Amino acid sequence: MGQVELYYDRSNHHTFTTLSKFLCFPGEITENLSVDFNFAAVDKPHESYHGVNVKLRYFLRLTIIRRFSNITKEEDIYVHTLSAYPESNNSIKMEVGIEDCLHIEFEYNKSKYHLKDAIIGKIYFLLVRIKVKYMELAIIKREIIGDNAQNEADTVAKYEIMDGAPVKGESIPIRLFLGAYDLTPSMRDVQKKFSVKYYLNLVLVDEEERRYFKQQEIVLWRKADIYKSKQERSDQMQVYESTQDQIRNRLENQHITSKKRGIKIRHDENGDLLNNGDESDIEADSDENRNSRKNTRDESD
């Protein structure tokens, strides 16, 4: 199952994916029981997300139906949505400032970053007539619930990129590695319930503790691992084979082997293979064939 849970409305969960299977016929369970199951080609359109006000989760739910009260057990599954490199990834370049006081230009190398990427850029001071104390860069995550009805901002990372007063013409380099922080991909209008956006927040603080800031939205995405071998990718994509399938394959292999040896194959009333190919049966059959051939030679003599 896939659900979106809003913390302020816990009684009303939105289910967007559900599949169910019947596992056992009615009866009594008196000992440990193992049941195989397989859900193939399940639609998982969104990445798992646990935020401040919303949760998107996938989980397995097992229900044992009893006469008076059911037994239910849930197990969460975490889903990562992998993406390819975006077709267009333009750089960000803007000029901001205060008239006749401060004029700066900042530039970031691109607008879309994968979760292990590095933000590289520069800040140019074109006009400085205020006493700047320090400058810092922050990554802000913003959860938007519904039609902007609830907006929660959280500072994921913050570090100081300049200490002291700059002069006109000075440039400050920026290099921020994202792999050290707990980030998720950007999400937009997931099931018309919530969105997750990320911003770069550039803040200047003067000696009178006044703050000047400029926010710029960036897009984060999860990059697929392109270094995995073909065998590893094949192992990830293979469908789980149940124990019954393994037994059926083993019996079919025995059926082929038995045909080559001239052994009679036994079937049940439904036409399924019985457990042929027992070593004792093969040996007994071989002895019987040898005795038959010996008797035939004696009669001919």
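How many bridges pair β14 and β15, and in which sense? Hold on to that for a moment, everyone, while I introduce the protein. What we have here is a predicted model. The protein has 301 residues, and 30% of them count as buried. Its secondary structure comes to three helices and 15 strands. When you take the contacts with a separation of 6 or more, 56% of them are between residues 24 or more positions apart.

Now back to the opening question. β14 and β15 are paired in the antiparallel sense, over eight bridges. If you would like one pair to look for, Leu-200 has Gln-216 in β15 as its bridge partner. The two strands make a hairpin, with four residues between them.

In that turn sits Glu-209, in the loop between β14 and β15. Glu-209 has a positive phi of about 65 degrees, although it is not a glycine. Most residues other than glycine have a negative phi. As for its surroundings, Glu-209 counts as partly exposed because its relative accessibility is 46%, in the range between 20% and 50%.

There is another residue of this kind to show you. Asp-100 is not a glycine, yet it has a positive phi of about 65 degrees. You will find Asp-100 in the loop between β6 and β7, the latter being residues 102–108. Is Asp-100 buried or exposed? It counts as exposed, because its relative accessibility is 52% and the cut-off is over 50%.

β15 has another partner as well. Strand β15, residues 211–221, is joined to β8 by three bridges, and these two run parallel. Within that pairing, Lys-112 stands opposite Val-219 in β15.

Let's move to the open sheet. Which strands make it up, and in what order? There are four of them, in the order β6-β7-β9-β12, and the pairing is antiparallel. The edges are β6, residues 92–98, and β12, residues 171–177, each of which pairs on one side only. On average, neighbouring strands here are turned by 20 degrees against each other, direction ignored.

Looking at one edge of that sheet, seven bridges join β9 to β12, antiparallel again. Ala-118 takes part here, and its bridge partner in β12 is Phe-177.

Phe-177 also turns up in the next stop, which is Asp-117. Asp-117 is found in the loop between β8, residues 112–114, and β9, residues 118–128. Why does Asp-117 count as buried? Its relative accessibility is 11%, and buried means under 20%, so it qualifies. Leaving aside neighbours within four places in sequence, Asp-117 is in contact with Lys-110, Leu-176, Phe-177, Leu-178 and Gly-179.

Next, the interior. The largest nonpolar core has 43 residues, and those touching the most other members are Tyr-108, Ile-123, Phe-125, Met-135, Phe-194 and Leu-202. Which strand gives the most to this core? That is β14, residues 194–206, with six residues.

Let me pick out Tyr-108 from that group. Not counting neighbours within four places in sequence, Tyr-108 is in contact with a list of residues that includes Ser-91, Ile-92, Tyr-113, Leu-137 and Ile-174. Leu-200 and Leu-202 are also among the contacts of Tyr-108. Leu-200 is the residue we met earlier, bridged to Gln-216.

Phe-194 brings us to one more aspartate, Asp-189. Asp-189 lies in strand β13, residues 187–190. Apart from residues up to four places away in sequence, Asp-189 touches Phe-194 and Ser-195. At 46% relative accessibility, Asp-189 counts as partly exposed. How far apart are the C-alpha atoms of Asp-189 and Ile-144? They are separated by 8.9 Å, with the two residues 45 apart along the chain.

Last stop: the largest pocket. Its volume is about 1800 Å³. The pocket is lined by 45 residues, and those nearest its centre are Leu-23, Phe-37, Phe-39, Leu-60 and Arg-61. Both β4, residues 54–64, and β5, residues 71–77, supply at least two lining residues each. Which strand gives the most to the lining? The answer is β4, with seven residues.

If you take one picture away, let it be the hairpin we began with: β14 and β15, antiparallel over eight bridges, with β14 also giving the most to the largest nonpolar core. Thanks for listening!

Conventions:
Residues are numbered from 1 along each chain as its sequence is written. This is a predicted model: local features need pLDDT of at least 70, side-chain atom pairs count only at pLDDT 80 or more; totals for chains, interfaces and linings use all residues. Side-chain values use heavy atoms; hydrogens and water are left out. A nonpolar core is a set of buried Ala, Val, Leu, Ile, Met, Phe, Trp, Tyr and Cys residues joined through side-chain atoms within 4.5 Å. Buried means under 20% relative accessible area, exposed over 50%, partly exposed in between (1.4 Å probe, protein chains only). Contact means heavy atoms within 4.5 Å. Two strands pair if DSSP finds at least two bridges between them. Axes are lines fitted to C-alpha atoms, for helices over the stretch in contact, and angles run from 0 to 180 degrees between N-to-C directions. On a 1 Å grid over the protein atoms alone, a cavity is a set of points where a 1.4 Å probe fits but cannot get out, and a pocket is an open set with protein on both sides within 12 Å along at least five of seven lines; lining residues have an atom within 4 Å of a point. Grid points are joined across faces, edges and corners, and a volume is the space filled by probe spheres set on the points.
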